[in-house]
Amino acid sequence: MTLVTVLIVAAALIGIGLYGALSQQSFVMLMMGLELMLNGAILAVIGFWSFSLGGAPEGQLLAIIVMAVMAVEMAVGFALVVAVYRKRQADMTESLTSMRH
Amino acid sequence: MTDALFLALSTLAIWSGWRVFRVDSMVRASFQLMVSFIAVGLIAVLLAAPYIGIATIFMMAVEMMVMALFMVMFMMNPAGLNPMVMVHQHRFSIAAGVVAFSGLSAAVLLSDLPVQRVPEGADVVRDLGHELLGPSMLIFETAGVTLLATMIGAVVLSAHSGRYGASDAGSLPPGLTPGGEPAGRKPDESAGHHHHHGGH
């Protein structure tokens, strides 16, 4: 377990997440891709903190901020899904061609 | 021992992350994502960050349960009885994922990364607590206020009704007398047409 291997695992998670976020048609699956990318980001932050920051607590703080971003993304994302579904009965990205209602 | 554990956990994290987009049922997909998060949380514990690791596991377990509920509420085929492929721009997405992975890996392999490990026996959770409620308190509190704003925004976006009727029908207050003019300031008529909030 070295910094390089940890970061490569994080890169793999980010790559898979990017694939999912770009390829999925369903809003919720798209959000899962975003979550997976943030998962990789947390792993990279913790890896850097553990291997090359000498235990400075700011590294852990950054990981907590990433977790807060994750929570915000989930909450606002689901609220938008609910709002769009109520307005258009749509749960696929293709059914939204304009932002007006 | 640590290396073997890391290998197993990282394989699990990547494999279940990949399975998220390959299973037929969206509920199963959210559980696969939860497995991936739990594996990353355990790797964080291996990396001497027990607080972050355990917090990730707890948070993601709850979050993925909520996600599974949403899957059942909104999505077709939640039980995975039929094959499910709902993708667009598939080749482009695969290419983008591969490019992201190989680019990041190349950057990792080619750069000279600094090495300064966490000292043996360092009290990392205690340090984090002192940091959160000491020098970085403003950042921590800002995250808290951001979460509050998120809660308000989520309620506003998903609420069925506003203060004066349906949330998507505008918010004109009722008249002061029965059938009278709406109370309060009226929206600007010339600019109002474009943003007309008439219900469908």
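Trainee: In this predicted model, where is B:Ala48 found?

Mentor: B:Ala48 lies in the loop between H2 and H3 of chain B.

Trainee: What is the sign of phi at B:Ala48, and how should it be read?

Mentor: Most residues other than glycine have a negative phi. B:Ala48 is not a glycine, yet its phi is positive, about 70°.

Trainee: Is B:Ala48 buried, partly exposed or exposed?

Mentor: The relative accessible area of B:Ala48 is 30%, so this residue is partly exposed.

Trainee: Which other residue has a positive phi although it is not a glycine, and where is its place?

Mentor: B:Gln89 has a positive phi of about 35°. B:Gln89 sits in the loop between H3 and helix H4 (90-110) of chain B. With a relative accessible area of 43%, B:Gln89 is partly exposed.

Trainee: Let us return to the loop between H2 and H3 of chain B, where B:Ala49 also has its place. Is B:Ala49 buried or exposed?

Mentor: B:Ala49 is buried, with a relative accessible area of 0%. Leaving out residues up to four places away in sequence, B:Ala49 touches A:Ile46, A:Trp49 and B:Ala44.

Trainee: What separates the C-alpha atoms of B:Ala49 and B:Val125?

Mentor: These two residues are 76 residues apart along the chain, and their C-alpha atoms are separated by 7.6 Å.

Trainee: How should the packing of helices H1 and H2 of chain B be read from their axes?

Mentor: The crossing angle is the starting point, and angles over 145 degrees count as roughly antiparallel. The axes of H1(B) (residues 2-19) and H2(B) (residues 26-46) cross at roughly 155° and come within 8 Å. The two helices are therefore roughly antiparallel to each other. The crossing of H1(B) past H2(B) is left-handed.

Trainee: Which residues make the contact of H1(B) with H2(B), and how do they divide by class?

Mentor: H1(B) contributes residues including B:Leu5, B:Phe6, B:Leu9 and B:Trp15, while those of H2(B) include B:Val35, B:Ala39, B:Val40 and B:Ile43. By class, the contact has 12 nonpolar, 6 polar and 1 charged residues.

Trainee: At what angle do the axes of H1(A) and H2(A) cross, and which classes of residue form their contact?

Mentor: The axes of H1(A) and H2(A) cross at roughly 165° and come within 7 Å. That makes H1(A) roughly antiparallel to H2(A), and their crossing is left-handed. Their contact has 19 nonpolar, 7 polar and no charged residues.

Trainee: How do H2(A) and H3(A) run relative to each other?

Mentor: Their axes come within 9 Å and cross at roughly 175°. H2(A) and H3(A) are therefore roughly antiparallel. The contact between H2(A) and H3(A) divides into 20 nonpolar, 4 polar and 2 charged residues.

Trainee: Which members of the largest nonpolar core touch the most other members?

Mentor: Of its 65 residues, A:Met32, A:Leu43, A:Ile46, B:Leu47, B:Ile52, B:Met67 and B:Met71 do so. Helices H1 (3-23), H2 (27-52) and H3 (57-88) of chain A each supply at least two residues of this core, as do H1, H2, H3 (50-74) and H5 (124-132) of chain B. H2(A) gives the largest share, 14 residues.

Trainee: With which residues is A:Leu43 in contact, leaving aside neighbours within four places in sequence?

Mentor: In chain A, the contacts of A:Leu43 are A:Val6, A:Val9, A:Ala10 and A:Leu13; in chain B, they are B:Val40, B:Ile43 and B:Leu47.

Key:
Residues numbered from 1 in each chain as written. Chains lettered and ligands numbered in written order. Predicted model: local features only at pLDDT ≥ 70, side-chain atom pairs only at ≥ 80, totals over all residues. Heavy atoms only, no water. Axes fitted to C-alpha atoms, helices over the stretch in contact; angles between N-to-C directions. Helix = DSSP H or I, 4+ residues; strand = E, 2+ residues; numbered from the N terminus. Parallel < 35°, antiparallel > 145°, perpendicular 65-115°, else oblique. Left-handed = near helix turned anticlockwise from the far one by under 90°. Contact = heavy atoms within 4.5 Å. Nonpolar A, V, L, I, M, F, W, Y, C, P; charged D, E, K, R; others polar. Core = buried A, V, L, I, M, F, W, Y, C linked by side-chain atoms within 4.5 Å. Buried < 20%, exposed > 50% of the residue type's maximum accessible area, 1.4 Å probe, protein only.
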